[in-house]
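Here are my notes on the model, as numbered points. Please read them with the structure open.

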Amino acid sequence: MKLIAWTAVGIATMMTMNANAIPTIPSSFNLVVETDPQAMLVDLRIIVRSGSLSDPENLPGLAHFTARALLRGTKTRPFSDLSQAIERLGARVSISVDQTTTVISASVLNKNLGHFLDVMRDVFTQPAFDVREMDQLQKTIQGELRANLQDSRVLAKRGLLTAAYRSARMASPEGTIGGIGRITPLDLAAFFKLRYVRENLLIAVSSPLPEAELIKRINSKLDSIPSGVLDAPVIPAAQFNGRRAVIVSKQGMSTVPFYVATIGVSDGDPARPALELGNFVFGEDYTSRLIQTLRVLNGWTYSAYSDYEMFCGSQRDATLFGLYTVPGEEFVSKALPRTVEMFDSYSMLGITGAEFQDARESLGNRFAFKTDTAEKRLGLRIRETLNGRPLDSVTAYRDRLAALELTSLNRLIQGRTPTSSLWLSAVGNPDVLKPVLAGIPGVESVEVLDIQP
Amino acid sequence: MLRTFVITLGMITVLQAKAFDKIGDVTLPNGLPMTQYRLSNGLQIYVIKNAAAPVFSFQTWFNVGSVSERLDPKIGRNGLAHFFEHLMFRGTTRVPDGEFDEVLTRAGVNDENATTWLDRTNYYQSLPKEALELVMDLESDRMTSLNLDSQTVESERAAVIGEYRIGLDDPDSTAYDKLYAAAFVSHPYQYTTIGTEDEIRSFTLADARYFYKTYYAPNNAVVLVVGDVVPDEVVALAAKYYGAIASQPIPVIPAPVEPAQTFERQIEFRHGQLIGSKVLIGFHIPEARHADSPSLLVAQAMLALGDGAMLNASWVRTGIASAISSDLNQLKDPGLFILGADLQYGHDSMELMGALDRSLSQLAVGVFTDGDLERARNQVLLRAYQQWSENGSLASYLGEFIASTGSPHFAIDLLKAVETVSKADIQRMAANYLNSTNRTVVVGKPIGQRSTGGERR
């Protein structure tokens, strides 16, 4: 397999999409809908505009815990009844949390949407936060947090975020073992009351139903969700102060997960599409410079890619732009310096005319895959609503690409991809990694971090 | 640059009208029509028309994986099928190294990759609909004209070793490999698809050439096209680009039959990246074509799919495990029903196995409701339909069934059969397959934790 990346679904738009994120049919919710007449399932996402940055300082993980707790029973349905009620309908509900949002995602067989929305109304209006259930869930989440750190890539990412933000709420949106352990059912109930309110929710649905019928059903089934205030926390700026490296110590590794990050560009920034074209040349694709040099030419690594969303997902605020690679341990003395050198070169020189032309053609043609399913189109509309990322049609996107000019793009890359200040994060043996990282031009410090779950 | 290869569809349709047979049409459960063709050289083609967006997915499945190489006396090792899969991206006599990816990228390719497994190798890409002929040209070219040289083999060997080592550093991957190694004593499923580092280092240019010449032939391949295409145009293009490739004898060496397991096997390993303990349990199950396959799918959902699953109650809610996993490897030959768990601190594998045995006993004697059964059936359908929601995942879903059963129809019939699985069927699955003598238990522990267990007879 020649896998290089797990890149997030990128930018885009659609051919048939409405121009406005909020439907023309009145709804009492912030609602985006997509229609797919062939769909056998309804996909529902309830986006709470509060994530780990809304956790109190001493309770990291509260947003995550609260969302998970909703599925542990309501005042009318204890856990076993609730899970049976959901799953017998051919539905599944999952939870994800990042720094600014909590997303409750569900899929359900078309024929059962009405009954499923009845159950969801119960979940979102009368959660039980039962003490015994919460105690059990607390232990489960703590076990998951511990198990997550068995993945060395997660460790490397956690190391970088910890260094750049010095905040558990940024580095570990799911929380910490200590934070989760301090959360009480009262904390959960209070967070729920404050954040699970109409103004702080965005409901997104793709289904085969006509838009008007779908909106009518959502309005009628979820009308008892109360009003409140919008949260939408702001992501703080990352701290950069020259080039600095961190190592997460691990023995016995045969590969070295390695991240590099500089300041990023927000999802809705007008410069973002152009910079994404630059990144397509640098590290997004299998034909990009990173993989071609580090893997195809030198055989140092299996994977190498760069992305604007590898650390914090898609966000309204600027986060980090970074790259990832995972060279064999015997290649780190060559691979790590070369990786940073490539980053410097990209930052200083931008891309060539031939690369520019090929990337423009590639992205223009690939755009069809930004909108080929209702789920992707829904994702774009969510980004438009939350992050201000404009929706393009195929034509508009191609026009945008056509309007780009190489010299100004390279100026943009130089200005918006600074490498004088960087964070570098590697996992492995500090005795091996310290001299390698310290030898990279400009690196002022190498710190060994102790990452705890 | 390969753009100049493209000619008009009308010409091809006329030129190649007699080069293929139309085998049949069927309407899939999602309403999409599927048409099956076969070229005179044996290449099978399945086309599913889905005009929802102006794109299509194109997949080529070869009926060769790591089992065949192990059985082939001229290879007799593992890893070449996978290694060779990497080489397929490295250029042909007509298309220089690197250009395959570059041409497809300029054409707008999305999700281009390949995978190798025990019984098959697949290559896939999705493209805007205008690129159908281009991908036919490139894929047929690399089926027959790959340019294999020592330099390419050596540079790709390093990437394969890098991939192997990522797996080595991953405790989940390690546990999975150890489960298969212990569960099978005769059948080549016991060996990993990627091979060992020594095996990867041992392959020569001559090995790669032999493998290519022996196994990459139209009569050992299936092409699946799903998307905004016209079936008759697809097959006409296929006849044009693949029609001249000769069929050839493919070695058919039956795998040794795995003897029935008569006692529980237990394996323990230690891994530097493990923080807590991990358990994987594999039960032998029949081949994918077996009539019990739908019931096994529902039994898997009963046990391990969703919050309402039995093992969520007996493993997670009791605090023994923080997470459970399950995998039903229904393969060409008898495979494995796999259950897994990450243990919580203070709990051990014996406790987990005791809880499992209690759940399996309940399943065997029918201590579950019709509602539980309905939940499980609907969870199976939900998961299947999620895979049917995109061109690429639909093609992969059907391709996997073609590889394991010889036909995509089995996948379609399976979904109908799932709806009729009864309580008695589930009890029979538990009694016949999910018993302790038929299972292998792998326990992974962090380095430094005291050893327990061993092989239990």
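In which sense do β10(B) and β11(B) pair, and over how many bridges? The pairing is antiparallel, over eight bridges. The model is predicted, and the points below should be read with that in mind.

1. **The sheet around β11(B).** Start with the hairpin. Five residues link β10(B) to β11(B). Within this pair, B:Asp327 stands opposite B:Ile338 of β11(B). On another pairing, strand β9 of chain B (residues 278–285) runs antiparallel to β11(B), with eight bridges joining them. There, B:Ile281 has B:Leu339 as its bridge partner in β11(B). Is β11(B) enclosed or open? Nine of its nine residues are buried, so β11(B) is largely enclosed by the rest of the structure.

2. **B:Lys332 in the hairpin loop.** This lysine sits in the loop between β10 and β11 (335–343) of chain B. Is B:Lys332 buried or exposed? It counts as buried, because 20 other C-beta atoms lie within 10 Å, and 20 is the number at which a residue is called buried. Setting aside neighbours within four places in sequence, B:Lys332 is in contact with B:Asp119, B:Glu287, B:Ala288 and B:Ser404. B:Thr174 is 158 residues from B:Lys332 in sequence, and their C-alpha atoms are 23 Å apart.

3. **B:Glu351 and B:Leu352.** Helix α13 of chain B (residues 349–365) holds B:Glu351. This glutamate is partly exposed, with 17 other C-beta atoms within 10 Å. B:Glu351 and B:Ile320 are 31 residues apart in sequence, yet 7.5 Å apart from C-alpha to C-alpha. B:Ile320 also appears among the contacts of B:Leu352. Leaving out neighbours within four places in sequence, the other contacts of B:Leu352 are B:Val279, B:Trp315, B:Ala321, B:Ala341, B:Leu343 and B:His347.

4. **The nonpolar core.** How many residues does the largest nonpolar core have? The figure is 274. B:Leu352 is one of the residues with the most contacts inside it. The others so listed are A:Leu160, A:Ala261, B:Ala238, B:Val298 and B:Met302.

5. **Domains of chain B.** Chain B is split into domain 1 (3–242) and domain 2 (265–446). Their C-alpha centres are 29 Å apart. Their contact draws 33 residues from domain 1 of chain B and 32 residues from domain 2 of chain B. On the domain 1 side, the elements giving two or more residues are β3 (44–49), β4 (55–62), β6 (121–128), α7 (171–183) and β7 (221–227) of chain B. α7(B) gives the most, with eight residues. By class, this side of domain 1 of chain B has 18 nonpolar, 10 polar and five charged residues.

6. **Domains of chain A.** Here the assignment gives domain 1 (31–221) and domain 2 (243–449). The C-alpha centres of these two domains of chain A lie 30 Å apart. The contact takes 24 residues from domain 1 of chain A and 27 residues from domain 2 of chain A. On the domain 1 side, β1 (31–35), β2 (41–48), α5 (152–165) and β5 (201–207) of chain A each supply at least two residues. The largest share, 11 residues, belongs to α5(A). This side of domain 1 of chain A divides into 11 nonpolar, seven polar and six charged residues.

7. **The interface between the chains.** Contact involves 57 residues of chain B and 53 residues of chain A. On the chain B side, two or more residues come from each of α4 (99–106), β5 (110–116), β6, α6 (150–168), β10 (321–329) and α14 (370–387) of chain B. Which element gives the most to this side of chain B? α14(B) does, with nine residues. By class, the side of chain B that touches chain A has 21 nonpolar, 24 polar and 12 charged residues.

8. **Helix α16 of chain A.** Among residues 406–416, the buried ones are A:Leu409, A:Ile413 and A:Arg416. They cover an arc of only 90° around the axis, which puts them on the same side of α16(A). These buried residues pack against α10 (272–284), α12 (332–349) and α13 (353–366) of chain A. The face of α16(A) turned away from its buried side carries exposed A:Thr407, A:Ser408, A:Arg411 and A:Gly415.

Terms used
Residues are numbered from 1 along each chain as its sequence is written. Chains are lettered from A and ligands numbered from 1 in the order in which they are written. This is a predicted model: local features need pLDDT of at least 70, side-chain atom pairs count only at pLDDT 80 or more; totals for chains, interfaces and linings use all residues. Domain bounds come from an automatic or database domain assignment. Two residues are in contact if their C-beta atoms, placed from the backbone, lie within 7 Å. Helices (H or I, at least four residues) and strands (E, at least two) are DSSP runs, numbered from the N terminus. Ala, Val, Leu, Ile, Met, Phe, Trp, Tyr, Cys and Pro count as nonpolar, Asp, Glu, Lys and Arg as charged, and the others, Gly among them, as polar. A residue is buried if 20 or more other C-beta atoms lie within 10 Å of its own, exposed if 12 or fewer, and partly exposed in between; C-beta atoms are placed from the backbone. The arc is that of the directions from the helix axis to the C-beta atoms. A nonpolar core is a set of buried Ala, Val, Leu, Ile, Met, Phe, Trp, Tyr and Cys residues joined through C-beta atoms within 7 Å. Two strands pair if DSSP finds at least two bridges between them.
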